[in-house]
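User: Please take a close look at one part of this structure, its strand pairing and what packs against it. I should like a single connected account.

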Amino acid sequence: MIFDQTHFSEDLMATKIKTGLHIILTTDEDDSRPVYISGNFNNWLTQDKEFVMEKVGAGLYHYKFTHDFDYPETLLYKFTKGDWSAVEIGANEERTENRSTSKHTGIQKEHVFRWRKNWLPFKPNFLPQIQLISDEFEIPQLNTTRKVWALLPHDYDFSNENYPVMYLQDAQNLFNENAEYGNWEIDKKLAVMSEYKVGKIIVIAVEHAEEDRVREYNVGKTVLGKGQGKKYIKFLVETLKPYVDSNFRTKTEREFTGIGGSSMGALVSIFSGLRYPEVFGKLMIFSPSLWVAPKMKIKNDKDFGDTKIYLYAGGDESETMIEHVETFKNRILESEFVDDKMKINLSINKLGKHNETYWSDEFPKAIEWLFFNTKDN
């Protein structure tokens, strides 16, 4: 059957007196994913089932507000395929500004040319400056050296701003196009975030110890043996952070300082935050290897202010991953030392696997929630 858009529009016009505003959307790129409307009427939520559009034909959707809907004075909105990583973009892959209307009845026709996929594409002129701080940065606590990188905002040299800082483990897998298992593409994701004016941040990326990676990220005595994690964490706190704060325009306070990683890198990041809450106020924890040390001690008898933890897990990583992260979240929140001072955002992708692709998709969401928490997209 051939769908008649004109007839459809006329039917909607005929009923506009009885109902609220109708939004009709056409799109050049279409697939099986639903289309949602997000706006200032629902706190910009991206998967609000109340605002999923009905598909009525190939590349054709509509949404009908109820006649008694409580409209803002000006309705602001965007279309997504269920997340900001899949938000609408223009014909030339550019960011689209918020759509708006002051109508409460009648028909509003809209068109989307393309959709982002995993936050991409990006604009090269927004890419961060990638600076190799040293290919032999001294780690006196471990009597070794390591490559350490800084990713600076694209306009760092042309501003006088000071920036929050995120310390990330496993630098080899963060922006290296030749990484064996793929990479997080944080350089490209930071470019998109800059384009969208989400916020600017400095990322300090520390390469792992290759064959000694597990031992270096292992804290204390665990099922993996005796680790060197405590010494590695002291390096981050006592050596690397002072260097970074002395050589870059950083916001040095704990509320502007984060640490994160994935797998074993996430585990050592957890311990960093729990052992030095006066240093790290933001934790980005992706697919942590909690099976290594499930009985970590949570102790903090000093009031350093709020700590925010972005906790991610994939349902297709292992049989126990989601159970472990949920237990970890509950244990933290139930701890007598937390005292409502920790805010945890638990993100679960039931289809998520234990690899860089999924951590890449989660990275901008985590950075935004931890440091910027912007609702207006």
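Analyst: Two strands count as paired if DSSP finds at least two bridges between them. The model described here is predicted. On that footing, strand β18, residues 307-314, pairs with β19 in the parallel sense, over eight bridges. Within this pairing, A313 stands opposite I348 in β19.

Helix α6, formed by residues 321-334, packs on the sheet and touches both β18 and β19. The direction of α6 makes about 170° with that of β19.

The sheet to which these strands belong is open and has eight strands, in the order β10-β11-β13-β12-β16-β17-β18-β19, with mixed pairing. Its edge strands are β10 (129-139) and β19 (342-349), each of which pairs on one side only. On average, neighbouring strands of this sheet are turned by 15° against each other, direction ignored.

A further helix, α4 (residues 229-247), also packs on this sheet. The strands touched by α4 are β10, β11 (144-152), β12 (165-168), β13 (202-206) and β16 (257-262). With the direction of β10, that of α4 makes about 125°.

There is also an open sheet of three strands, ordered β2-β5-β7, in which the pairing is antiparallel. Here β2 (36-39) and β7 (99-101) stand at the edges with a single partner strand each, so one side of each is left without a neighbour in the sheet. From one strand to the next, the twist averages 40°. Strand β5 (residues 75-80) and β2 run antiparallel and are joined by four bridges; Y36 stands opposite T80 in β5.

Conventions. Residues numbered from 1 in each chain as written. Predicted model: local features only at pLDDT ≥ 70, side-chain atom pairs only at ≥ 80, totals over all residues. Heavy atoms only, no water. Helix = DSSP H or I, 4+ residues; strand = E, 2+ residues; numbered from the N terminus. Axes fitted to C-alpha atoms, helices over the stretch in contact; angles between N-to-C directions. Contact = heavy atoms within 4.5 Å.
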